2 protein chains.
Amino acid sequence: MAVTIRDVARQAQVSVSTVSRALSAPGLVKETTRQRVLEIVARLGYQPNRAARSLITGRTGNLGIVVPDLLNPFFPSVLRGVQTRAGEAGTSVFFCDSREDADTEAELVRTMAAQVDGVVLCASLLSDETIVDLAALTPLVLINRIVPGVSSVLMDSANGMDQMVTHLESLGHKNYVYLGGPAAAWSNNRRMQGLADRAHLLGSFDPNFNGGYKAAEQALKTGATAFIAYNDLMALGALAHLAANNVKVPDEISVTGFDDILYATMCSPALTTVHMPTETAGEAAVDLLATLLDGGPAEHRELPTTLVPRSSTAPPPQA
Amino acid sequence: MAVTIRDVARQAQVSVSTVSRALSAPGLVKETTRQRVLEIVARLGYQPNRAARSLITGRTGNLGIVVPDLLNPFFPSVLRGVQTRAGEAGTSVFFCDSREDADTEAELVRTMAAQVDGVVLCASLLSDETIVDLAALTPLVLINRIVPGVSSVLMDSANGMDQMVTHLESLGHKNYVYLGGPAAAWSNNRRMQGLADRAHLLGSFDPNFNGGYKAAEQALKTGATAFIAYNDLMALGALAHLAANNVKVPDEISVTGFDDILYATMCSPALTTVHMPTETAGEAAVDLLATLLDGGPAEHRELPTTLVPRSSTAPPPQA
DNA sequence: ATGAAAGCGCTAACAA
DNA sequence: TTGTTAGCGCTTTCAT
């Protein structure tokens, strides 16, 4: 078996409680004793048993995050932010991919709830009611979703959509079409709202490359001069479909996305999109979770998004 | 506080041990008793406290995985495989991103070791010795790395490289250059070996888009007609650099990658690359870990890779 | 400032 | 087949 607190206590010639205090309540032990204990701890390579500790404290020192699709670079990027901030606090991170399925998502949160101090839920597909239920089960922070009474971090897509529309209209586009993501995705609805009734609304498609590919096929029939995709992955799919059909982007049709994933700069033409502060959002989510764990109130944090014009948008062709 | 095993025992009019057995050793209790217990469990929504359980069993029911770069789609894809297989076994997964730093990597494994039953280490940058040390600390499975005595899953890049070279030579290329990844990366050396002395070797570059961009700059000076990048991300960077310099791919220069990440099909021209069975590798790693946990021996599993010819390779220009 | 002792919720001998 | 009991390693009163 590994080295326990008793081993340390024996070697340091103190009681186990003193060792415990030296480690987690430094103020309560004489400095010299503390030094001696710490030395032995280092020498023996003692690491407190987390199970034993959490059995008493009720805290696990872990946090969970569930995302809909790990293969969409948007989410790994959020994960990084979460890991960074959690790591600073000595917290470990469980992850789960719900594969864009609402039932799976709820199930995963419930499973996680049993072994973490709180969970971060990204781009949830669940109903408000279910989310409220879940929030009663475990401290919960949402990313890109708003539910009254539940903490959340929002990367403001409505505003991003405004910037996008302004951009397209300033280029002279009048007839554009929205390639919609999952109907249950809050951001999707939010983005549609930002569009009001100024665009054809197509949907709902899988929020990935294939979804965008299919969406573009339909979008072509609308005669629109600009395609606004729900996210970059869909935009990339649309780009592929247009290329396959010899439609020139941006000369004949402009294409835009959301998220500003790494590949938005790599594709050709480079994608005009709305940048999302994903890592910051991940960090903020951990902060809000910490507040919750300290007994603080549910909070809401809004992060700004920025339009990044690249080469996939241009004035529409002359009629 | 949550509902405990005692609550269940009281309601079911049995002892706690019977409840415990009903849940984890069904064969040892009378069927009718078991039913009664299960019913109460369901009614009260009882969930065993994992901390208490693992305090006794010494098992956490968790597993960890550390990858060098979550932003390289190759790794999320492995993660998915790991999650899938682990989920089937009721095991939760911790993840960590070492950001391509060896020290961080070792540190993360050590930290994880304290709270998981085993860890999966992807594309490790550590020395053989360090890995052996780590393996002594916790059950360890490597992905894309071989260290004697340590379990591993290998996606065979040497063979992939063979296929690649054969492909290029059959197209007529004689003068090609390898854009190398991290010197400490085992796969990188493995791929270089596959190349023997048949190519210029450039390196080492960051195994990402920017690294590839820079590598291409140097590679251009070699006069080679084909660039073989360490991975797809680098190949994508190389593509970008060539496009920026009006070098036509594949007419003037052929470019290839490794991994077959999603974006290898999305870029233009679509990338000729070597497909890696990433999800399968993740699953296999979990299986090997399970073997280890059951007291089994270290094992080695090799997974085949396949060349996927796309549009980024063609015969070299006529001299 | 330190120690003794209780007990967190559970599993695993050992008894019956 | 079931119950009793002794801890797993730690934190935390309560004494001293």
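How many Å separate the centres of domain 2 of chain A and domain 3 of chain A, taken over C-alpha atoms? The separation of these two centres is 26 Å, and the bounds of the domains come from an automatic or database domain assignment. This is a predicted model, in which local features need pLDDT of at least 70 and side-chain atom pairs count only at pLDDT 80 or more, while totals for chains, interfaces and linings use all residues. Residues are numbered from 1 along each chain as its sequence is written, chains are lettered from A and ligands numbered from 1 in the order in which they are written, and side-chain values use heavy atoms, with hydrogens and water left out.

In chain A the assignment gives domain 1 as 5–57, domain 2 as 62–155 + 277–306, and domain 3 as 157–276. Between domain 2 and domain 3 of chain A, 16 residues of the former are in contact with 20 residues of the latter, where contact means heavy atoms within 4.5 Å.

We can turn next to the DNA. Around DNA strand C there are 25 residues, of which Thr18(A), Ile56(A), Ile5(B), Tyr46(B) and Arg53(B) come nearest; a residue is near a strand if one of its heavy atoms lies within 4 Å of it. Of the atoms of DNA strand C that come within 4 Å of the protein, 58% belong to sugar and phosphate. The surface near this strand divides into 12 nonpolar, 9 polar and 4 charged residues, with Ala, Val, Leu, Ile, Met, Phe, Trp, Tyr, Cys and Pro counted as nonpolar, Asp, Glu, Lys and Arg as charged, and the others, Gly among them, as polar. H2 and H4 of chain A, together with H2 and H4 of chain B, each supply at least two residues of the surface near DNA strand C, and H4(B) gives the most, with 4 residues; helices (H or I, at least four residues) and strands (E, at least two) are DSSP runs, numbered from the N terminus.

Particular atoms can be followed on this strand as well. A backbone N or O atom of Ser15(A) lies 2.7 Å from a phosphate oxygen of DNA strand C, and an N or O atom in the side chain of Thr33(A) is 2.7 Å from a phosphate oxygen of that strand. From chain B, a backbone N or O atom of Asn49(B) lies 3.1 Å from a phosphate oxygen of DNA strand C.

DNA strand D has 24 residues around it, with Ile5(A), Tyr46(A), Ser17(B), Thr33(B) and Ile56(B) coming nearest. Among the atoms of DNA strand D within 4 Å of the protein, 56% belong to sugar or phosphate and the rest to bases. The largest share of the surface near this strand, 4 residues, comes from H4(A), and by class that surface has 12 nonpolar, 8 polar and 4 charged residues. A polar backbone atom of Ser15(B) is 2.8 Å from a phosphate oxygen of DNA strand D, a polar side-chain atom of Thr18(B) lies 2.6 Å from a phosphate oxygen of the strand, and an N or O atom in the side chain of Ser17(B) is 2.9 Å from a base oxygen.

Val14(B) lies in the loop between helix H1 (5–12) and H2 of chain B. With a relative accessible area of 18%, Val14(B) is buried, a word that means under 20% relative accessible area, against over 50% for exposed and partly exposed in between (1.4 Å probe, protein chains only). Leaving aside neighbours within four places in sequence, Val14(B) is in contact with Ala9(B), Val19(B), Thr33(B), Arg36(B) and Val37(B).

Another loop residue of chain B, Thr138(B), lies between helix H7 (128–137) and strand E4 (140–143) and counts as buried at 4% relative accessibility. Beyond its neighbours within four places in sequence, Thr138(B) is in contact with Ala113(B), Asp117(B), Gly118(B) and Val119(B).

Helix H9 (residues 186–195) of chain A is mostly covered, with 7 of its 10 residues buried, including Trp186(A), Arg190(A) and Leu195(A). The buried residues of H9(A) pack against several elements of chain A, among them helix H8 (157–171) and strand E6 (176–179). Ala196(A), which follows H9(A), has a positive phi near 50°.

Technical notes
Polar contact = N/O pair within 3.5 Å; in protein donor to acceptor, adjacent residues only side chain to side chain.
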